[in-house]
Amino acid sequence: MIATEKTIQTDTQSTGNAWDVVRIRRDFPVLAQTVNSKPLVYLDNAASSQVPQVVIDRGSRYLREEHSNIHRGVHYLSQRATTAYEGAREKVRRFINAREARECIFVRGSTEGINLVMHGYGRKSVGVGDEIVISAMEHHANIVPWQMLCEEKGAKLRVIPMNDDGELLLDEYEALLNERTKIVGVMHVSNALGTINPIKEIVARAHKQGVPVLVDGAQGAPHLKVDVQDLDCDFYTISGHKMFAPTGSGVVYGKAELLERMQPFMGGGDMIRTVTFEQTTYAGLPNKFEAGTPAIASQIGLGAAIDYLNSLDRAAAHRYEQELLAYATAKLSAIEGVRIIGTAREKTGSLSFVIEDVHPHDVGTILDQEGIAIRAGHHCAQPTMKRFNVPATARASFAFYNTKEEVDRLVAAVQKVIEVFS
Ligand code: PMP
């Protein structure tokens, strides 16, 4: 069934909250198109979410009226661009409740943020025989940089195991922590399984041993309220393109006292105080970590995306997303031959599944013919795939603009896949 405004409205009312998905969908122009002659169903939000018109408009306004390099110029345009860029940083600060804006370093996304911490903190603090603790469900972005560091320093990677539902085993985690542990890196929400990890508890247990914690928040910030002071995490990364902002935008939050002790990630313009051929002294935070010309338009766009999110009832958005996830989970699990991968009690965003005897890439291709965008593959989490004994999964991932009718179309298309392969 094609989702008309009327059917969607009815559906929204049945959810019992005030979430007006018809109105919300109008904010996202990309959703109103057809793919393969069918209305687009966009269920690949964990890879990149869509961008609302207000964010598009803010980016265009910057390019039309303000485009100029930041920080260095005394002229009008440069000052306007700088004000907008630094304004976006303050919006980020408020959004994650950091103490100070200088604790919010602009980066291209979570990958760059984690690499910044690996270089800036890890290379200085980790030595031979030291240990780095990550979890069994991490994205490659929170595995590979630490492996590179271990290789360079002769350190060891320790892995927190998970159970068959995709939940971390906290007692086993605690047993991994010791005086050699130099950092813990854990994702807030799993992109492959949808699990929400108990970050506050994970941080508290690491801090008992004096170990700092990096949280990969790529999938956390788009779905959950993030308060870095309440979580008490030492680092938190955000990918703007998963949070209704343009690609190239992102943040790594770090506690000021840690960032100040860290070495710069990249050297170049804007991150220095003085340069001579004999010696360079570095700028203060956040500039020390922002060498070269940043993605000015994208970060201003991230600020606009935060304004947009703040204009919504985020608690209602979350409830609505949870209902969609529950609805999709019930419908898909009822189909014979479909197995859900990731059945944690606390989940958000992503729903991974496999169909008996069908490769997930075939699922993705057939769904695309139906105008449905999902992701098929290992989701940059090959160890997670191995843990669940599958080469890959199909993954539908939701945002607050998706509808139950779209889930129904997903379910019908999955049934069609099964028919094709039976
Ligand atoms: N961590 C997680 C959990 C992710 O889902 C992703 C993106 N798939 C990343 C890290 C990497 O983010 P980015 O590509 O924006 O750097």
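1. Asn 389 is exposed, with a relative accessible area of 72%. The structure under review is a predicted model, and this residue offers a convenient place to begin reading it. Asn 389 sits in the loop that links helix 14 (382-387) to strand 17. Its backbone is also worth a look: the phi angle is positive, about 60 degrees, although the residue is not a glycine.

2. A second asparagine may be read alongside it. Asn 36 has a positive phi of about 50 degrees, and it too is not a glycine. Asn 36 belongs to the loop between strand 1 (34-35) and strand 2 (38-39). Is Asn 36 buried, partly exposed or exposed? With a relative accessibility of 43%, Asn 36 counts as partly exposed, since that class lies between the limits of 20% and 50%.

3. The loop between strand 12 (280-282) and helix 11 (296-310) contains Pro 286. The peptide bond that joins Leu 285 to Pro 286 is cis, with omega at about 0 degrees. The student should locate this bond in the model when following the chain from strand 12 into helix 11.

4. The next points concern the sheets. Seven strands make up an open sheet in the order 4-10-9-8-7-5-6, and the pairing is mixed. Strand 4 (104-106) and strand 6 are the edge strands, each of them pairing on one side only. From one strand to the next, the twist averages 20 degrees. Helix 5 (residues 110-125) packs on this sheet, where it touches strand 4, strand 7, strand 8 (213-216), strand 9 (235-239) and strand 10 (250-254). The direction of helix 5 makes about 155 degrees with that of strand 9.

5. Strand 5 (residues 131-135) deserves a paragraph of its own. In the strand order, strand 5 stands between strand 7 and strand 6. With strand 6 (residues 156-160), strand 5 pairs in the parallel sense over five bridges. Within that pairing, Val 133 has Arg 158 of strand 6 as its bridge partner. On the other pairing, four bridges join strand 5 to strand 7 (residues 181-187), and these two strands also run parallel. There, the bridge partner of Ile 134 is Gly 185 in strand 7.

6. How many residues of strand 5 are buried? Five of its five residues are buried, and the strand is described as mostly covered. The cover extends to both faces. On one side are Glu 131, Val 133 and Ser 135, and on the other are Ile 132 and Ile 134, all of them buried. The charged residue Glu 131 is therefore counted among the buried ones, its relative accessible area being under 20%.

7. A further open sheet has four strands in the order 13-14-17-16, with antiparallel pairing. Strand 13 (338-341) and strand 16 (375-377) each have a single partner strand, so one side of each is left without a neighbour in the sheet. The twist in this sheet averages 30 degrees from one strand to the next. Strand 16 and strand 17 (residues 393-397) are antiparallel and share three bridges. In this pair, Arg 375 stands opposite Arg 395 in strand 17.

8. Helix 15 lies across strand 13, strand 14 (350-355) and strand 17 of that sheet. Relative to strand 14, helix 15 runs at about 20 degrees.

9. Helix 15 also meets another helix. Two packed helices are described by the angle between their axes and the distance between the axes. For helix 13 (residues 360-369) and helix 15 (residues 404-421), the axes come within 10 Å and cross at roughly 120 degrees. Helix 13 is therefore oblique to helix 15. The crossing of the two is right-handed.

10. Which residues form the contact between these helices? Helix 13 contributes Asp 362, Val 363, Ile 366 and Leu 367, and helix 15 contributes Leu 410, Ala 413, Val 414, Val 417, Val 420 and Phe 421. By class, nine of the residues in this contact are nonpolar, none is polar and one is charged.

11. A final point concerns Glu 201, which lies in helix 8 (residues 199-208). Glu 201 is partly exposed, its relative accessible area being 33%. Along the sequence, Glu 201 and Leu 231 are 30 residues apart, whereas in space their C-alpha atoms are 8.5 Å apart.

How values were computed:
Residues are numbered from 1 along each chain as its sequence is written. This is a predicted model: local features need pLDDT of at least 70, side-chain atom pairs count only at pLDDT 80 or more; totals for chains, interfaces and linings use all residues. Side-chain values use heavy atoms; hydrogens and water are left out. Axes are lines fitted to C-alpha atoms, for helices over the stretch in contact, and angles run from 0 to 180 degrees between N-to-C directions. Angles under 35 degrees count as roughly parallel, over 145 as roughly antiparallel, 65 to 115 as roughly perpendicular and the rest as oblique. A crossing is left-handed if the near helix is turned anticlockwise from the far one by less than a right angle, and right-handed if clockwise. Contact means heavy atoms within 4.5 Å. Buried means under 20% relative accessible area, exposed over 50%, partly exposed in between (1.4 Å probe, protein chains only). Two strands pair if DSSP finds at least two bridges between them.
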